[in-house]
Amino acid sequence: NGSGSGTVATSTTATTSTSSGTTATGGVSAGAGQKVSATSIAQSSTVSTYIRKDSQNVYVYTDTDAGGNKEYSVIPGADPATFTALTQLADVEKPTEKDGSTVIALGNGSVAYYKDKNSVYVLSVFTNGAQIETGIEVVQNADIPTFKSLNAIYAKDKSQVYALQVPSDATPHTAGTYTWAPYDMKAIPNALSTSFVLSSGANFDAHDASSTYRGGIKVGNYPS
């Protein structure tokens, strides 16, 4: 993933994004990416549906064990004292597949943004009935104090504009070929942060002082 220094891809596996920083004392002693049960972080507070934190760590939901207990993984480098949600989950993808003449819904992908004193994070969540997969990664080179989400797809800071990389769900996938992966966020080359705004043009969804964009890709000049 080009924009993250790594990913916590969760459900049955766990790998994690990294950043440096200090953490407060107390809380659960657990290594980066290590799974811990919800019962062992009972004194933690809920940041959002899939994120919890205590005095030492920030955790992302990974799985539910055979006994029905939720399991979490530590987000390495995340600072619990300053970790906060920037947005709520918003839908970005509803993939389907075609089996003969039947179109089958495969699930729902969504994202939310967070930050702490060390990094900006994008949380990816995919749900399909009882199946839940999550992934969280650092937005590389983001300016933390000025970073803001414009919508589920676009964000910007004082010097860069970012776009979430989301596979097209406009047409159904061939049966058995779709595999979900956490969404990557990349800086848009040469986009002008100071003038970048969302828009509702005929063939674009954002523009800056010189270009129009759709899904994070330059599609024309502005004004045309």
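This text walks through a small sheet, a loop residue and some ring pairs in one structure. The model is predicted, so local features need pLDDT of at least 70 and side-chain atom pairs count only at pLDDT 80 or more, while totals for chains, interfaces and linings use all residues. Residues are numbered from 1 along each chain as its sequence is written, and side-chain values use heavy atoms, with hydrogens and water left out.

Three strands (DSSP runs of E, at least two residues, numbered from the N terminus) make up an open sheet of mixed pairing in the order 10-9-17, where two strands pair if DSSP finds at least two bridges between them. Strand 10 (102-105) and strand 17 (173-174) stand at the edges with a single partner strand each, so one side of each has no neighbour in the sheet. Strand 9 (residues 96-99) pairs with strand 10 in the antiparallel sense over four bridges, and Lys98 stands opposite Val103 of strand 10.

Ser44 lies in the loop between strand 2 (35-37) and strand 3 (45-46). At 10% relative accessibility Ser44 counts as buried, a term that means under 20% relative accessible area with a 1.4 Å probe and protein chains only.

Rings of Phe, Tyr and Trp (its six-membered ring) pair if their centres lie within 6.5 Å, and planes under 30 degrees apart count as stacked; by this rule there are eleven aromatic pairs. Phe83 and Tyr114 are stacked, at 5.5 Å centre to centre with 20° between the planes, and the pair ties together parts that are 31 residues apart in sequence. Phe83 is buried at 2% relative accessibility, and Tyr114 is buried at 1%.

Definitions and conventions. Buried means under 20% relative accessible area, exposed over 50%, partly exposed in between (1.4 Å probe, protein chains only). Rings of Phe, Tyr and Trp (its six-membered ring) pair if their centres lie within 6.5 Å; planes under 30 degrees apart count as stacked, over 60 as edge-to-face and the rest as tilted.
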